[in-house]
Amino acid sequence: MTIGQLVRSLPAAAFVLGALARPFTPEDLVQTNRFSGDVAVSPNSASIAYIQARYSIEEKRQYTQLFVQSLADGHRHHGSGHPVKVIEFSADARPNPPSAREEVEDELTGKKHLKPSQPIWLSDSSLGFVATDPDTGKSTLYSVKSGKGRWSKPRPVVAMAVPISDLHFSVESGILAFTAEVYNGTDSLVETAKLDYHEKLRADTGQTYDDLWVRHWDTFVSSKLPQIYTLPLKTRAKDHFKPKGEPINIISDANANGRLEASNSFTLSPSGRHIAFVAKYPGHDYAWKTTSHVYLAAVDGSGAEPINPGKGGASSSPAFNHDGTKIAYVQMAATTYEADRNQIKVYDIAQQTTVEVAADWDRSPSHVLWSDSETLLVTYNEWGRNKLSKVDIATGAITPIVTEHSVGSVQQLPGTNKLLIDYSALDSPPDLYTVSIDDGSMTRVSQLNPKLTSEIFLSPPEDVAFTGADNSTIHGFLLRPPNFDSQKKYPLAFVIHGGPQSSFTDGWSPRWNLNIFAAAGFVTVALDPQGSTGYGQNFTDAIRNQWGGKPYESLMRSLEQLLEEHPYIDRNRLAALGASYGGYMINWINGHSNVFKALVNHDGMFSTVSTYYSTEELYFPETEFEGVPFDEKARENYERWSPERYVKNWKTPTLVVHSEKDYRLVVSEGLSTFTALRRQGVPARLLYFPDENHWVLKPANSLRWHQEVLAWISKWTSDESTSPATALDEPARFRVQGNDD
């Protein structure tokens, strides 16, 4: 069986909408079981542990479950052991539940329930996990032990005074490593907790800033920085673990000019005596420089030094080889460009030398790890797939392992020639698989959503390609509605991705899931114009100072070719939708074309100039528009590509979606768009979320988002004979939790 067959070998009933299958709905999407955080592999590779998140519309509750599953049976019998639920936590998911206290404390016993997170193996039979008290903010590491086919009750190992994250544990050295945010001027977690307490007692709420950045993504910057701590754990009888000493900040004195800000990308060496981590130099240029470095630190706090000092862009994905003598990582060359090509580097610790691997390979790997002393493993995006390949360190030769659909996280199974990956497709949500490094053969380990793939129709994607600007090939995917009949006419959902340096891949997503639009009766098309990743660095760079130029030309040319090649698409019932850069393009389209009957702008840009002064990562617009807007020449670029200049041409009905905590493209961009539309009498609707960021993540909010979006494009592309509401065997239902309570 090929890899493609493995993922798409669904029951026959799922391919033809009939008695055993039904259309996919937003309710199905938000209630899918999902992995939360990393999967932990036991030291002997016999078992895995993972957190599964699940939302219930009926109960209005979010469930968090810790599962352990055997891999040993799967290796012998081409399957996997049944997952065993170790702990379950649930909470009312409403913004203002009737009794918040009820969620964490048992009414009868007064015992607090534990919400598990970050599982780590402490031995082959003992599993650790973190639970953070919502009242105090303190994190505690608990352990459970397997014996006689059952798991013991949780036992506290060590309590921390503040929240902790990014847990790692070395069985070899007994070192626990984690990150915690602490105030400048102290390394003590207890002192940080005290300062937090006094902060809450302040009479005023003012915050002052003397430099950038002020806020990032969805959070205002505080005087606390993430630091990496280590703590030895000693083992008592029966695998009972206890701390030995106090946590040590291993990076606090790593730079003379100030404290480093550690990223969430660090790893322990095989011996457990060293840590490789990524951090940015302290300084005032955070907002307009991407530069970060890989540091090598001793776990005893005796020192941390950068292995790639000097010039360079963002570094990521450090990985020790199997004997701990070398570190592989990736780094961009440009210091102000977040979408530069990641270049593979290998650093020899003893020799203090670095070699570049596969220097001429025109792909940008996102993750690197070691296969053996001569071979690396990398994941990367290529032509709509997230692939996994081997890279020969000496020659740079690339040997594919997984080339279809989308590979997510990857980790080795110690002592084997296998990898554990999470793997998905546009018509198949993520599950775990083992993969042979030698021949790429795959074995399924998990099945989180069996009903989704056996009882619900999910449209398989078709690759499409068109000719765009500069005679470039514009690749993408097409999904047909359920019960598709080529003799009928269907509306089109033309979806435009954000980034803009990203791409549509054959992988599952809980947001902007293409099958949602197909299931609502739309032929759904998603294309990768200039700026997209996976087609070579020149194609990615081609959007620079061309935001409304080549990408727009490619999209519109591709649309015309699409309509010519697929006559079942009704030219008079076209809708376009986009988020972030896709939202920018929606505004640009509205000023330059009347071909669409409906538009959806999610967190899009209204003015390139106002966005520069309100966003946080200034290196992004400074690269895209080749300078700052207070430079006369660069100002021309900003003005040239600003949708605000063409507001007078806007005529197409538009749904505008924006959220208060979006600090990448602030809410005023959405409000400005809505104002421009309604002041001119253009039909428009504003959907505003006060508690979301650049993404709509909360399940009930996601339901509302889908209701509004599907209702909007259905309204403006409706046709009684083949409307989205009648294109399926059953009418599409766009229902929001709570509306019928």
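**Exercise 1. In this predicted model, work out how strand β21 pairs with β22, then place both in their sheet.**

Step 1. Strand β21 covers residues 293–298 and pairs with β22 in the antiparallel sense, over 3 bridges.

Step 2. Pick one bridge. Ala 297 has Ala 304 in β22 as its partner.

Step 3. Widen the view. The order β19-β20-β21-β22 gives an open sheet of 4 strands, with antiparallel pairing.

Step 4. Find the edges. β19 (261–268) and β22 (304–306) each pair on one side only.

Step 5. Add the twist. On average, neighbouring strands of this sheet are turned by 30° against each other, direction ignored.

**Exercise 2. Describe how helix α8 crosses helix α9, and which residues meet.**

Step 1. Two packed helices are described by the angle and the distance between their axes.

Step 2. Take α8 (residues 550–565) and α9 (residues 581–592). Their axes come within 11 Å and cross at roughly 75°.

Step 3. Classify the angle. Values of 65 to 115 degrees count as roughly perpendicular, so α8 is roughly perpendicular to α9.

Step 4. List the contacts. From α8 come Pro 551, Tyr 552 and Leu 555; from α9 come Tyr 581, Met 585, Trp 588, Ile 589 and His 592.

Step 5. Sort them. The contact has 7 nonpolar residues, 1 polar and no charged.

**Exercise 3. Locate Trp 547 in the largest nonpolar core.**

Step 1. This core has 48 residues. Trp 547 is among those that touch the most other members, as are Leu 492, Phe 494, Leu 559, Met 585 and Phe 596.

Step 2. Trace its neighbours. Leaving aside residues up to four places away in sequence, Trp 547 touches residues including Tyr 581, Met 585, Phe 620 and Trp 641.

Step 3. Separate the other core. Another core of 36 residues lies apart, with Leu 29, Leu 426, Phe 504 and Leu 687 among them.

Key: Residues are numbered from 1 along each chain as its sequence is written. This is a predicted model: local features need pLDDT of at least 70, side-chain atom pairs count only at pLDDT 80 or more; totals for chains, interfaces and linings use all residues. Side-chain values use heavy atoms; hydrogens and water are left out. Axes are lines fitted to C-alpha atoms, for helices over the stretch in contact, and angles run from 0 to 180 degrees between N-to-C directions. Helices (H or I, at least four residues) and strands (E, at least two) are DSSP runs, numbered from the N terminus. Angles under 35 degrees count as roughly parallel, over 145 as roughly antiparallel, 65 to 115 as roughly perpendicular and the rest as oblique. Contact means heavy atoms within 4.5 Å. Ala, Val, Leu, Ile, Met, Phe, Trp, Tyr, Cys and Pro count as nonpolar, Asp, Glu, Lys and Arg as charged, and the others, Gly among them, as polar. Two strands pair if DSSP finds at least two bridges between them. A nonpolar core is a set of buried Ala, Val, Leu, Ile, Met, Phe, Trp, Tyr and Cys residues joined through side-chain atoms within 4.5 Å. Buried means under 20% relative accessible area, exposed over 50%, partly exposed in between (1.4 Å probe, protein chains only).
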